[in-house]
Structures are given as C-alpha cells and as structure tokens.
Amino acid sequence: MPAFTLETEHWLPRQPGDVFDFYADAFNLETLTPPWLRFEVVTPPPITMQSGVEIDYRLRLHGLSLKWRSRITDWDPPHRFVDEQVRGPYRKWVHEHTFTPHEGGTLVGDHVEYDMLGGWLADRLLVRRDLSRIFAFRQQRLAEIFGA
C-alpha cells in the first residue's frame, strides 16, 4: 500500500483524444508546471511517448536544484498513461493520468501514489501543500488552454 495518495479530477470541454494529444507532447508539461518550480524538460526532442520511454527534467524546489527522470510504464491512448519516477526526490512516485468521456467533454483524472524521506511529517508540513499548489496551477492552466 502506498504511503500517500493524491487524487484530482478536472472537467474540460474537449474530447479525450484532443486532451490526450496535448499530454502526449512531453514539452507541454513545462506549460502545466508553475513558474516558481523553474521546470524544464532536458531530454532533447523529439520525444516519442510510449511505454518504456524515459524523460529527464530539471526543477528547483525550496532553493534546491533537482533532477528527475520518469519512465512511461503504461501508454493507452486516448484513455490513460502512467509515469513513474526512476530518479528524483521521492522514494516512490507513480502518477496515473486518465481521460474519460464525460458530459460532452473529458474528465481528466490524476492519481498519484508517493512516498518520501520524512514520511508523514514531511507530507504534512511541506509536500502535500506543494503538490496541492502544483495541481491547482495545472488545473487552472488546462482551463485556460481548453476553454473550461
């Protein structure tokens, strides 16, 4: 059982294929990440998204420069995909993205299982708050991009 989970849902007025195609461009993650993280995809283009592909990122969090590598472990367009941290700040990070037809648009779901040094104390004091801010920013940007 994962130490911690985060779940979000956000409705967008576009079809799942359109939304999935946006996510299929790894560089769009820069658009969906708050500027205060100074997030950058460092894997050179082109990146062909599929199971097994690994992508390297660089970001800055609380004054620390971090490197992050994730692997796409499941790729099922236009329904879902899963990325897992291979290297980075977490002991465990598994992020499932889902794209479900709903009320003429798409319900975008995020299910994250994660664990880190410091356990519940780190989660309560820092991590949960940061993740909530990051995912709120992501939802706002998606609404701007897709007109929700």
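Which residues have the most contacts inside the largest nonpolar core? They are Tyr23, Met49, Tyr90 and Tyr114, in a core of 37 residues. The model described here is predicted.

## Nonpolar core

Two or more residues of this core come from each of these elements: β1 (4-12), α1 (16-23), β3 (54-61), β4 (64-76), β6 (92-102), β7 (105-115) and α3 (119-146). Helix α3 supplies the largest share, 7 residues.

Tyr23, one of the residues with the most contacts inside the core, also touches residues spread widely along the chain. With its neighbours within four places in sequence left aside, Tyr23 is in contact with Leu32, Met49, Phe81, His97, Phe99, Val108, Arg138 and Leu142.

## Sheet

An open sheet is formed by 7 strands, and their order is β1-β7-β6-β5-β4-β3-β2. The pairing is antiparallel. At the edges stand β1 and β2 (40-41), each of which pairs on one side only.

The pairing can be followed through the middle of that order. Strands β6 and β7 run antiparallel and are joined by 11 bridges. Between β5 and β6 there are 5 bridges, again in the antiparallel sense, and between β4 and β5 there are 7, also antiparallel.

Two of these pairs are described as hairpins. In the one formed by β4 and β5, 3 residues lie between the strands; in the one that joins β5 to β6, the connection runs through 4 residues. Individual bridge partners can be named in each pairing. Arg69 stands opposite Arg87 of β5, Asp83 has His95 of β6 as its bridge partner, and His102 is matched with Gly105 of β7.

## Asp83

Asp83 belongs to strand β5, which covers residues 80-87. What is the nearest side chain of opposite charge to this buried residue? It is Arg138, at 6.8 Å, and Asp83 has no salt bridge. The cut-off for a salt bridge is 4 Å between a side-chain nitrogen of Lys or Arg and a carboxyl oxygen of Asp or Glu.

The side chain of Asp83 does make a polar contact, at 2.7 Å, with the side chain of His97. Apart from neighbours within four places in sequence, the residues in contact with Asp83 are Ser70, Arg71, Ile72, Trp93, Val94, His95 and His97. Two of these residues recur elsewhere in this report: His95 is the bridge partner of Asp83 in β6, and His97 is in contact with Tyr23. Arg138, the nearest side chain of opposite charge to Asp83, is likewise in contact with Tyr23.

## Cis peptide bonds

A cis peptide bond runs from Pro45 to Pro46, with omega near 0°. Pro46 is located in the loop between β2 and β3.

Pro77 and Pro78 are also joined by a cis peptide bond, and there omega is about -10°. The loop that holds Pro78 lies between β4 and β5, the two strands that form a hairpin with 3 residues between them.

## Residues with positive phi

Arg38 has a positive phi, near 50°, although the residue is not glycine. Its place is the loop between α2 (28-31) and β2. Arg38 counts as exposed because its relative accessibility is 60%, and the threshold for that class is over 50%.

Glu103, also not a glycine, has a positive phi of about 50°. Glu103 sits in the loop between β6 and β7, the strands joined by 11 bridges. With a relative accessibility of 68%, Glu103 therefore counts as exposed.

## Trp36

Is Trp36, placed in the loop between α2 and β2, buried, exposed or partly exposed? Its relative accessible area is 33%, so Trp36 is partly exposed. That value falls between the limits of under 20% for buried and over 50% for exposed.

Trp36 and Ile134 are 98 residues apart in sequence, while their C-alpha atoms are 9.8 Å apart in space. Not counting residues up to four places away in sequence, Trp36 touches Arg60, Leu61, Arg133 and Ile134.

Key: Residues numbered from 1 in each chain as written. Predicted model: local features only at pLDDT ≥ 70, side-chain atom pairs only at ≥ 80, totals over all residues. Heavy atoms only, no water. Core = buried A, V, L, I, M, F, W, Y, C linked by side-chain atoms within 4.5 Å. Buried < 20%, exposed > 50% of the residue type's maximum accessible area, 1.4 Å probe, protein only. Contact = heavy atoms within 4.5 Å. Lys, Arg positive; Asp, Glu negative; His and termini not counted. Polar contact = N/O pair within 3.5 Å; in protein donor to acceptor, adjacent residues only side chain to side chain. Pairing = 2+ DSSP bridges.
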